[in-house]
Every structure is written in structure tokens, then in C-alpha cells.
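Welcome! Have the sequence and the 3D view ready, and try each exercise yourself before you read its solution.

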Amino acid sequence: MSLPSHHPGDTLLIDYAGGGLCEGAALAVATHMAFCPACRHAVAEMEAVGGVLLDDLEPEVLSPGCLDALMARLDHERPPPCRPAAPPVASRSRYPEPLRSYLRGRLDRDGRLVPAGWRFFQPGMRGLDLMAGSVGTTRLIRMKGGVAVPQHTHGGLELTVVLEGGFSDEFGAFQPGDIAVGDGSLEHRPVSDPEGCLCLATTIGGLRLTGPVGRFLNRFISF
Ligand SMILES: [Zn+2]
């Protein structure tokens, strides 16, 4: 498998390293990192710099009772979700960790995705929701060869990591391990490669179809 050529960019990697991404976005970045030594290395350096900065902080004298108040607060606050972490070495799996942990019960004994639970999105395109109740939606999307997603833009961040096959849009060709980063300023019309495409997609803020037909369909379709 060749190395990815589309990466999340420094801003997203810094947010990931600092734990500032929601669980779905962190899962997409970590899944890309499972394929990408360059981004794993960059995040390891960011985390090392963050650790040095914390070590350099001058200790503060705390008021009496401060520790008790902090412990009481921790007792009442829900812990933040664990940040999905990429494996330290490159994965050769089609479904690398941390993604694999989200696929419990979705893979058969041979490591193939079971057909149950997939939803119809449009002819040749189905989706399998992985995360319910979190910010945005995170799902697997499977497209047959040559399927075009209607032209659309995004209400927020959209991260798409290719797992098998590939797709192309106005911004390039995306192969396994590549991550496509979209937001409200980007309008595109992805088309799957002839062999089809399986990808992990996290969308925050939903999609808005933008063609003349798409604007009409927006009233009826929920991606
Ligand atoms: Zn990368």
C-alpha cells in the first residue's frame, strides 16, 4: 500500500494532539494516522512539545480546600471521551485501530463487513452509522464504481478517510489512507473510482446539496 498523499494539515493535527476534536473527527484523523507515518511523527512531536511546556510551568501555591473542591468537581463531571489513538506503527489492515474497535460486531470471522445495518442513501451508495449521539455523524460509506455524490457543500467540518478503492473530486484523487478535509467554503462532487470506494466519513453540521436539483432535494434528504 502506498503512503497517503492527502493529509489533515497542521491545524487539525494540533487540535487532535491537544484533545480538541470531537470523538468522530478524532477517529477520522487517527484512522488516517494509522496509514501515515508522517502525521504520526508530527503528532508525537506536538505531544512532546506540549509535555515540555507543562513541565516548565511554575508550581502554584493552592489555597486550603482547593484539592477537595477539585475532587468534588471531578466526581460530578463526566470524564471526557477517550481520544481515539492511532497505532504506533503503520497498519496493513483494511480496518486499522482505532477504527476496528468501533466495528465490533460489524465484521465476520474473515474480517469482512457484515451486510446488516447499512442504510440506502442513493443508488449505488449505502452508509453504516458508527456513532450515535455524538457531535455530527460518523459512518462508513460504501459506493459502487462510478457513483457520483450530488454536488454539495458542508455546514461544518467534513473528514473523509478512504479505506478501500478511491474517489476523485475537484481537489484531487483520493486513495486508501488519504483524508479529504471539507468545510463550508468547499463545494465538490465526489465520484467513486471504477472499483468502488469504502470510506470513513465524519460530518459536523451536515451536507447541503448545491446544484439546482440538489437545492430541491435538500428538503427531502437527510445525509
Ligand atoms: Zn498524513
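Below are five exercises, each with a worked solution.

Before you start, two notes will help. The model is predicted, with local features needing pLDDT of at least 70 and side-chain atom pairs counting only at pLDDT 80 or more, while totals for chains, interfaces and linings use all residues. Residues are numbered from 1 along each chain as its sequence is written, and side-chain values use heavy atoms, leaving out hydrogens and water.

**Exercise 1. Describe the overall build of the protein.**

Step 1: Count the elements, where helices (H or I, at least four residues) and strands (E, at least two) are DSSP runs numbered from the N terminus. There are 5 helices and 9 strands.

Step 2: Put them in order. Along the sequence the pattern reads α-α-α-α-β-β-β-β-β-β-β-β-β-α.

Step 3: Look at burial, where buried means under 20% relative accessible area, exposed over 50%, and partly exposed in between (1.4 Å probe, protein chains only). Of the 223 residues, 40% are buried.

**Exercise 2. Find the cis peptide bond and say where it sits.**

Step 1: Recall the usual case. Most peptide bonds are trans.

Step 2: Now inspect the bond from Glu97 to Pro98, which is cis, with omega near 5°. Pro98 belongs to the loop between α4 (66-76) and β1.

**Exercise 3. Characterise the largest pocket.**

Step 1: Fix the term. On a 1 Å grid over the protein atoms alone, a pocket is an open set of points where a 1.4 Å probe fits, with protein on both sides within 12 Å along at least five of seven lines; lining residues have an atom within 4 Å of a point.

Step 2: Give its volume, meaning the space filled by probe spheres set on the points. For the largest pocket this is about 170 Å³.

Step 3: List the lining. It has 14 residues, and Gly124, Met125, Arg142, Met143 and Lys144 lie nearest the pocket's centre. The elements giving two or more residues to this lining are β1 (119-122), β2 (125-131), β3 (137-143), β5 (158-169) and β8 (191-203). The largest share, 4 residues, comes from β8.

Step 4: Sort the lining by chemistry. Ala, Val, Leu, Ile, Met, Phe, Trp, Tyr, Cys and Pro count as nonpolar, Asp, Glu, Lys and Arg as charged, and the others, Gly among them, as polar. The result is 5 nonpolar, 4 polar and 5 charged residues.

**Exercise 4. Is Met125 buried or exposed, and is Arg142 buried or partly exposed?**

Step 1: Met125 is in strand β2. Because its relative accessibility is 4%, Met125 counts as buried.

Step 2: Arg142 is in strand β3. Its relative accessible area is 35%, so Arg142 is partly exposed.

Step 3: Check who touches Arg142, with contact meaning heavy atoms within 4.5 Å. Not counting residues up to four places away in sequence, its partners include Met125, Arg126 and Cys197. Arg126 is 16 residues away in sequence, yet the two C-alpha atoms are 5.4 Å apart.

**Exercise 5. Which backbone nitrogens does the side chain of Ser192 reach?**

Step 1: Place the residue. Ser192 is in strand β8, and Ser192 is buried because its relative accessible area is 5%.

Step 2: Read off the distances. The Ser192 side chain reaches the backbone nitrogen of Gly146 at 3.1 Å, and a polar atom of that side chain lies 2.9 Å from the backbone nitrogen of Val147.

Step 3: Widen the view. Leaving aside neighbours within four places in sequence, Ser192 also has contacts that include Met143, Lys144 and Phe167.

Key:
A polar contact is a pair of N or O atoms within 3.5 Å; within protein, one must be able to donate a hydrogen and the other to accept it, and residues adjacent in sequence count only if both atoms are side-chain atoms.
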